[in-house]
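Trainee: Please take one metal site in this model and go through it closely, with the cut-offs behind each term.

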Amino acid sequence: MKPFSLSFFTLLVCLPLVLSAQTKIERLEPAFWWAGMQDSQLQLMVYGENIAATNPQLDYPGVQIQQIIKVKSPNYLFLDLILAPDVQPGTFSIAFHQDDKPVATYDYELKQRKSGSAEREGFNPSDVIYLITPDRFANGNPDNDNTPDTKEQTDRSNKLGRHGGDIQGIVDHLDYIKNLGFTAIWLNPVLENNMQEVSYHGYSTTDFYRVDPRFGSNEEYQQLNEVADEKGIKLVMDMILNHCGSEHWWMNDLPTNDWINFPDEYNQTNHRRTTIQDPYRSSIDYKKFSDGWFVPTMPDLNQNNPLMARYLIQNSIWWIEYAGLEGIRMDTYSYPDKDFMSDWTCAVMNEYPNFNIVGEEWSPNPAIVAHWQGGKVNPNGYTSCLPSMMDFPLQIALTQGLIAEESFSGGLTQTYEMLANDFLYADPSNLVVFPDNHDMDRFFAQVNQDINLFRLGISFILTTRGIPQIYYGTELLMTNPGNGDHGLIREDFPGGWPNDPVNAMTGKGLTAEQKETKKFFKTLLQWRKDNAAIHNGKLMHYAPDNGIYVYFRYLGDQKVMVVLSKNEEEVTLDLSRFREILSEGEPGTEILTGKQLILDDELQVPARTPMIINVGKRKQRLSTAEIE
Ligand code: CA
């Protein structure tokens with residue numbers, strides 16, 4: 001037997017010292033960091049009983065304690081570190097001293113960054129994002145449906161309960177997602193939501209550094225992206241900086257009096273998002289909007305507190321670096337402090353210049369949405385580094401226009417005229433376009449379950465400017481009663497649970513219409529994948545006339561003509577109007593049918609059917625075998 005090593009001997013000697021200590025570090029966040037980040041500052045939040053009575057010390061080349069911050073609660077200590085640009089990856093001990101004796105230690109690791117980490121490419125117009133509600137997609141691991149340290153138990157019969165979907169279920173479906181032609185996934189929030197009830201949606205964070213164990217572990221989330229990356233699928237993380245869940249661990253012992261807004265009495269936000277830009281707003285309305293709570297179970301975080309601001313910024317960067325994220329979707333973008341949001345976007349984009357972040361501002365007004373995008377010159381001087389916004393105005397115009405009767409100003413013209421507002425945006429090509437999402441009636445319900453309108457709308461989303469996002473199950477015509485009931489909008493994906501009577505993966509139990517829709521998506525998505533004119537081409541559109549909306553996407557010698565007709569019967573379209581972009585007699589291939597066309601004087605347009613035409617001789621349509 002090998003004699004006791006020196007390190008084992010040291011451990012024996014030190015052990016009683018640690019055990020006899022009065023101070024236990026319950027949390028230290030972020031638990032580790034990386035060497036070689038752009039920002040040389042790192043602030044650690046240390047939590048433990050009476051930790052503020054200690055004096056932390058460390059000795060590691062390239063790491064200096066800049067400042068120790070004590071706050072109202074004695075159980076917190078904030079430690080500002082400066083990391084030298086050439087600091088080496090490694091582990092150092094932070095010793096917390098009291099009366100010159102260490103009473104607690106923490107081994108802090110600076111990890112090695114993956115090569116190319118800073119240069120990672122975010123989602124962009126070449127991508128189509130598949131939006132997944134993780135609890136409702138697929139239960140890949142029934143063993144984690146309930147865990148000993150989480151309150152709400154799984155109940156699949158409760159539409160607002162947890163159904164057991166998880167990260168493993170998504171891993172199991174990555175080939176399904178890839179084969180359809182999606183190149184990115186956005187998951188609704190995966191962080192711990194240890195709430196009593198209705199915790200499945202994930203928007204009530206109770207631990208910003210932990211994946212909810214009912215979805216899996218941090219490591220499983222990291223591995224999900226490793227597998228996704230191998231399949232050419234990017235991962236977009238849903239984040240919420242506006243609020244946390246009322247069961248968040250810090251709610252029982254807030255660091256400061258101003259850690260959250262309205263800490264003493266519930267004050268709900270008025271949801272008046274226009275108070276940000278309104279030149280006539282009253283201060284009370286503005287404060288109530290920005291500082292009021294979203295709902296009673298979601299305390300509003302005070303990002304004006306610099307410790308809170310730093311905590312949130314580091315948390316985002318930690319997840320990007322840890323999980324290898326290719327994007328962030330930011331919830332309720334306008335609700336947190338607007339200057340903080342500007343700082344947050346710039347901090348993230350400073351670390352990852354090619355990254356992408358999309359903000360949610362659920363407004364029908366493009367002037368309000370455009371205000372937030374980076375590069376926008378606002379009258380009030382507001383700027384940020386936010387690359388992308390969700391295009392709610394276009395979503396609303398599209399769906400309302402599809403079900404409206406065609407008239408001079410109604411119908412397809414609503415979409416046409418909404419796009420004309422693109423002059424308001426700093427970068428319309430980077431907006432995320434979508435027919436629906438997890439918060440609204442499913443698109444099929446929004447178009448009154450009219451399969452023709454559905455196909456026209458999806459064709460538009462996948463061919464107009466921007467980055468399309470499709471909600472899970474849309475490819476199967478998943479629908480809901482149209483009353484906005486979230487539990488029914490977020491129904492379980494068929495085949496995600498053992499013994500489901502319908503299985504989207506195998507095709508078992510799908511109706512002919514569902515199979516046809518899946519094929520329709522696959523044809524469009526696979527075609528879109530390699531179509532530079534759709535990704536980066538310019539857009540030229542023609543005022544809708546006689547119930548037909550025509551537009552072109554073009555780049556170099558590539559040209560795509562899209563014809564969307566709402567007419568109940570086949571009509572003849574005179575092509576002479578399009579001569580500035582379409583030469584007489586150009587050949588084309590309609591990609592949904594494979595039909596070869598000669599675009600001379602007229603085009604026969606079938607009733608209520610999208611036509612997507614590759615203009616030119618290039619054969620870009622997949623063979624039937626490739627689509628099946
Ligand atoms: Ca599960």
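What follows is an account of the calcium site, then of a loop residue and a sheet.

Mentor: The model is predicted, with local features needing pLDDT of at least 70 and side-chain atom pairs counting only at pLDDT 80 or more, while totals for chains, interfaces and linings use all residues. Numbering starts from 1 along each chain as its sequence is written, and side-chain values use heavy atoms, with hydrogens and water left out.

The calcium ion is held at 2.3 to 2.6 Å by side-chain oxygens of Asn139 (OD1), Asn144 (OD1), Asp145 (OD) and Asp166 (OD), together with the O atoms of Asn141 and Gly164. Donors here are N, O and S atoms within 2.8 Å of the metal (3.2 Å for Na, K and Ca), and sites may look incomplete because water is not among the atoms. Along the sequence, the spacing of the donor residues reads N-x1-N-x2-N-D-x18-G-x1-D. The angles subtended by the six donor atoms range from 63 to 162°, so the arrangement is irregular. For six donors, octahedral would require opposite donors over 155 degrees apart and all others between 65 and 115. Of the donor residues, Gly164 and Asp166 are both buried, that is, under 20% relative accessible area with a 1.4 Å probe and protein chains only (exposed is over 50%, partly exposed in between).

Thr147 sits in the loop that runs between α2 (134–137) and α3 (167–180); helices are DSSP runs of H or I with at least four residues, and strands are runs of E with at least two. Thr147 has 13% relative accessibility and therefore counts as buried. Its side chain makes polar contacts with the side chains of Asp149 at 3.0 Å and Thr150 at 2.4 Å. A polar contact is a pair of N or O atoms within 3.5 Å, one able to donate a hydrogen and the other to accept it within protein; residues adjacent in sequence count only if both atoms are side-chain atoms. Setting aside neighbours within four places in sequence, Thr147 is in contact (heavy atoms within 4.5 Å) with Pro213 and Arg214.

As for the sheet, four strands form an open sheet in the order β2-β8-β7-β4, with mixed pairing. β2 (32–34) and β4 (55–57) are at the edges with a single partner strand each, so one side of each has no neighbour in the sheet. Pairing requires at least two bridges found by DSSP; β2 and β8 (residues 101–111) run parallel and are joined by three bridges. Trp33 stands opposite Leu110 in β8.

Note on methods. Tetrahedral: all angles 85-135°; square planar, octahedral: opposite > 155°, others 65-115°.
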